[in-house]
Each structure stands twice: as C-alpha cells, then as structure tokens.
Amino acid sequence: MTQAATVQAAGGTVVTGVASVTDESFAAEVLGAEGPVLVKFTADWCPPCRMVAPVLAEIAVELAGRLKVVQLDVDTNPRTQAAYAVLSMPTLMVFRDGEPVKSMVGARARARLLRELADVL
C-alpha cells in the first residue's frame with residue numbers, strides 16, 4: 001500500500017488517513033483485509049472526488065480500527081475499475097470478506113455518509 005494521503009479538511013485542519021491502492025495491491029489490501037474496507041474509486045479530473053476527499057480522510061481517522069478507507073485511481077488502475085464495473089466517479093464501495101457489500105455513487109456530506117455506512121460497520 002502506498003503512503004497515506006494528507007488532505008486539508010474543513011477549517012484548514014490537515015488530516016491523514018486515506019491510503020492509495022493499485023491493481024497490484026488491491027487483492028491484499030482490500031479483498032484480504034480483516035473488517036470492512038471503503039474504497040473510493042477516483043480520478044484526478046473529477047471535481048466531486050476532490051470534494052469528498054477531506055470527508056473520507058476525517059472518517060478514516062475517526063473510524064480507524066473499525067473501517068479501513070483507501071482510494072484507487074481509475075485512470076492508472078483500469079483492471080480493478082473494470083472488474084467491479086465502476087463507471088462513475090466517485091464510486092464508494094464497501095468490501096467485507098473479499099466481497100462488495102455496498103456501493104454509493106457521488107460525493108456526500110459527512111453526516112449522510114456516516115448514516116449510509118452504519119449498517120456495514
């Protein structure tokens with residue numbers, strides 16, 4: 001897994017917690033993980049992806065130990081994107097025991113995302 005990204009959250013707070021995965025590391029880091037993993041399928045050219053980045057970084061820190069949060073750049077990792085038929089960015093997909101259990105498309109506010117994740121935590 002590559003180094004965790006550092007993003008600027010609301011109020012200028014710097015938050016670290018969302019690491020990047022690749023086609024090569026996806027099986028080990030996501031499918032083989034213990035507990036739920038939230039994967040953000042993202043792209044550099046995607047404005048909503050940038051909007052949700054600080055929200056995911058905050059959630060990654062807040063729920064550390066209960067939820068692993070990673071991101072996958074679809075432009076440089078097309079095999080994983082194709083394997084899960086991800087067509088829109090950002091797609092947020094939760095995996096548990098190597099299987100996708102929830103999928104959400106589009107940026108979300110923190111409160112809404114936490115509500116939507118409640119059933120998979």
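Helices (H or I, at least four residues) and strands (E, at least two) are DSSP runs, numbered from the N terminus. The model is predicted, so local features need pLDDT of at least 70 and side-chain atom pairs count only at pLDDT 80 or more, while totals for chains, interfaces and linings use all residues. Residues are numbered from 1 along each chain as its sequence is written, and side-chain values use heavy atoms, with hydrogens and water left out.

**Exercise 1. The chain as a whole**

Task: State which pattern of helices and strands the protein chain follows, and what its average pLDDT is.

Solution:
1. The protein chain contains four helices and six strands.
2. In sequence order these give β-β-α-β-α-β-α-β-β-α.
3. The average pLDDT (the predictor's confidence in each residue, from 0 to 100) is 89, and 86% of the residues reach at least 70.
4. Residues 1–15 have a pLDDT below 50, and beyond near neighbours in sequence this stretch has 38 contacts (heavy atoms within 4.5 Å) in the model.
5. Of contacts between residues at least 6 apart in sequence, 64% join residues at least 24 apart.
6. Of the 121 residues, 46% are buried; buried means under 20% relative accessible area, exposed over 50%, and partly exposed in between (1.4 Å probe, protein chains only).

**Exercise 2. The disulfide**

Task: Find which cysteines form the disulfide, and determine its handedness.

Solution:
1. A disulfide is a covalent bond between the sulfur atoms of two cysteines; the criterion here is a pair of cysteine sulfur atoms within 2.5 Å.
2. The structure has one disulfide, formed by Cys46 and Cys49 with sulfur atoms 2.3 Å apart.
3. The S-S torsion of Cys46 and Cys49 is about 80°, so the disulfide is right-handed.
4. Cys46 is buried because its relative accessible area is 2%, and Cys49 is buried because its relative accessibility is 2%.

**Exercise 3. Lys40**

Task: Describe the surroundings of the buried Lys40, which has no salt bridge.

Solution:
1. Lys40 belongs to strand S3.
2. Asp44 holds the nearest side chain of opposite charge (Lys and Arg count as positive and Asp and Glu as negative; His and the chain ends are not counted), 8.6 Å from Lys40.
3. A salt bridge requires a side-chain nitrogen of Lys or Arg within 4 Å of a carboxyl oxygen of Asp or Glu.
4. A polar atom of the Lys40 side chain lies 3.1 Å from the backbone oxygen of Cys49.
5. Beyond four places in sequence, the contacts of Lys40 include Cys49, Val52, Leu56, Val70 and Pro90.

**Exercise 4. Two prolines**

Task: Locate Pro36 and Pro90 in the fold.

Solution:
1. Pro36 sits in the loop between helix H1 (26–31) and strand S3 (37–42).
2. Pro36 counts as buried because its relative accessibility is 7%.
3. The C-alpha atoms of Pro36 and Phe95 are 5.6 Å apart, although 59 residues separate the two in sequence.
4. Among the residues that Pro36 touches beyond four places in sequence are Arg66, Leu67, Phe95 and Val120.
5. Pro90 lies in the loop between helix H3 (78–83) and strand S5 (91–96), and the Met89 to Pro90 peptide bond is cis, with omega near -5°.

**Exercise 5. Positive phi**

Task: For Ala85 and Asp97, decide whether each is buried or exposed.

Solution:
1. Ala85, in the loop between H3 and S5, has a positive phi of about 50° although it is not a glycine.
2. Ala85 is exposed because its relative accessibility is 58%.
3. Asp97, in the loop between S5 and strand S6 (99–105), has a positive phi near 55°.
4. Asp97 is exposed because its relative accessibility is 66%.

Definitions and conventions. Polar contact = N/O pair within 3.5 Å; in protein donor to acceptor, adjacent residues only side chain to side chain.
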